[in-house]
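Me: I should be grateful for a close look at a single part of this structure, namely its aromatic rings and their surroundings. Please treat the matter in one connected account.

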Amino acid sequence: MTSATRTLRARRLEAVALELFTVRGFDHVTVDDLAAAGGVGRRTFFRYFPTKLDVVLGQLDDALAALVDALARVPTTTDPTIAARQAFLQVNAYSPGDEPVLRRRLALIETVPEVAARAAVRYEAWEAALARDAAARWGCPVDELRPQVFARVVVAAMRGVFTVWLASPDAELRSLVVAAFDDLGRGFG
């Protein structure tokens, strides 16, 4: 199986799973239900996703890798807020066709306690990556207060962006990211 076929099958399984979770509730859907709805066997499902939580959260890991890559491409002399803004705009450049799946994923992250708890662990990795990047740009140790606060504020801002985006079906995700970083850049002054 080619990696493109694998990716397509994983995306299909993911879309089917998110739809089932939305319709029936996360706790009322089993891995067997997900495999059957995706037209694969249970063992095949587990080749793509170690758990049903990973169907919801696995994309966060992919997006983190994309964020780290995007930050690395921003010149090191760029201010961390500007660098993070550019990276988050790039990582959140979804096509209109991808937005319904993203909305389902984010709704599950925000409303299902088990998913939210696991997402919090993933968000710590995002914070660590942002803190490392900011510390390098500022020329200070990563464990100093400034990069640590910066990283947590940026992740909280992006979570706020997604909360507003979910509640406002007509809102444009990119515009919300820009507005959030504008506020961060001004210091909410």
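Reply: In this predicted model, a suitable point of entry is Phe46, which is partly exposed, with a relative accessible area of 33%. That value places Phe46 between the limits of 20% and 50%, and therefore in neither the buried nor the exposed class.

The neighbouring ring to consider is that of Phe45, which is buried, its relative accessible area being 1%. Phe45 and Phe46 form an edge-to-face aromatic pair, with 5.7 Å from centre to centre and 75° between the planes. The angle of 75° is over 60 degrees, which is why this pair counts as edge-to-face.

Phe45 also pairs with Phe49: the two ring centres are 5.6 Å apart and the planes meet at 40°, so this pair is tilted. Here the angle lies between the limits of 30 and 60 degrees, and the pair is therefore neither stacked nor edge-to-face. Phe49 itself is buried, at 6% relative accessibility. Through such ring pairs, Phe45, Phe46 and Phe49 are linked into a cluster. The count of aromatic pairs in the model comes to six, among them Phe45 with Phe46 and Phe45 with Phe49.

Rings also have charged groups placed over them. The charged end of Lys52 is located over the ring of Phe26, at 4.4 Å from the ring centre. Arg103 is positioned over the face of Trp165, where the distance to the ring centre is 3.8 Å.

How values were computed:
Residues are numbered from 1 along each chain as its sequence is written. This is a predicted model: local features need pLDDT of at least 70, side-chain atom pairs count only at pLDDT 80 or more; totals for chains, interfaces and linings use all residues. Side-chain values use heavy atoms; hydrogens and water are left out. Rings of Phe, Tyr and Trp (its six-membered ring) pair if their centres lie within 6.5 Å; planes under 30 degrees apart count as stacked, over 60 as edge-to-face and the rest as tilted. Buried means under 20% relative accessible area, exposed over 50%, partly exposed in between (1.4 Å probe, protein chains only). A charge sits over a ring if NZ of Lys or CZ of Arg is within 6 Å of the ring centre and within 35 degrees of the ring normal.
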